[in-house]
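Visitor: I am new to this, so could you show me a structure and explain the words people use for it?

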Amino acid sequence: MFTRMLKLRLLNSVAPAYFFMATAVTFVLHFCFFLPTLFPSPSASLRGSTTLHALVFLFLMFNALGNYAMTIRYPAESTGDTAVPVCSPHCSDKVDAHYLLNGRHFCKLCKKVILKRDHHCFFTGNCIGSKNMRYFIMFCIYTSCTCLYSLVLGVAFLTVEYSLSFENPLTFMTLLPLSIGYFFMGTISGLQLFVVLMLYVWLGIGLVSAGFCCQQVLLVARGQTWCQMQRGQLVENCSPWKSNLGDVFGTRWLLGLILPVQTVEMYSGDSDAAKQD
Ligand SMILES: [Zn+2]
């Protein structure tokens, strides 16, 4: 039990570091390699394309990082209790959390009693609940878009710079092992191998984020949390999916889709809300 907890704590600090490192690497690759290589000529039309691609990339990145920050800034609702109160009789003493009475959870990583807890997100190092679910979902969407966009530009870069062909759909299956082999034989450069590696990182993160986002949206629409799902607990939630989504995404949800801003009205009497006001 102790070692598993240690592993989770380690993951809780390694995952954000990994996220920031991947972000920095993506940034550098875009602006130092992809854009200068794909649009090298100083002609006006290409300058326009460079600006457009840079703007799209910055917009996606800004929303991903903005929603990441919002997830941390508006954490899941907590009662402020930092000790484990009475566990529910059904508490299986899971590795990461205790089930408490009245559907609350004690997160062992956040060391807090969390209301309406969905899960603990290792990348943000925070628990996700109804209050920060919207930012978390938008974070997943924009991370996925940034990764898939980087994947496309990465493929274009490899095609232009190294004349690699991606016409065969099986290229992706053999690209990594072949690139590693060629690198050790001295046929390809370190940069080429690194970009190939990043293609897999972007594809992986992009697909996982997209899948995670779909799952969370479905859960939110059903008025359920991941914690309840894991316990096989079906909520008697009779509210229609529209109002369930509205609760999480707020009234200004349309604005929230394009900018990382607060769209949910804060609950009255909430201590955090009082602080923000
Ligand atoms: Zn937590």
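Guide: What follows is a short round of questions and answers about this structure. This is a predicted model, where local features need pLDDT of at least 70, side-chain atom pairs count only at pLDDT 80 or more, and totals for chains, interfaces and linings use all residues. Residues are numbered from 1 along each chain as its sequence is written.

Visitor: How do you know that the span of helix α5 agrees with its number of residues?

Guide: Helices here are DSSP runs of H or I with at least four residues, and strands are runs of E with at least two, numbered from the N terminus. The expected span is 1.5 Å times one less than the number of residues. For the 32 residues of α5 (190–221) that gives 46 Å, and the end C-alpha atoms are 46 Å apart, so the two agree. Just after α5, Gly223 has a positive phi of about 70°.

Visitor: What makes strand β4 mostly covered?

Guide: A residue is buried if 20 or more other C-beta atoms, placed from the backbone, lie within 10 Å of its own, exposed if 12 or fewer, and partly exposed in between. In β4 (residues 117–121), 5 of 5 residues are buried. Helix α5 has buried residues too, including Trp202 and Phe212.

Visitor: Why are β4 and β5 called paired?

Guide: Two strands pair if DSSP finds at least two bridges between them. Here 4 bridges join β4 to β5 (residues 126–129), so they pair, and they run antiparallel. One bridge partner in β5 is Gly129, which partners Arg117. In their hairpin, with 4 residues between the strands, Gly125 takes a positive phi near 65°.
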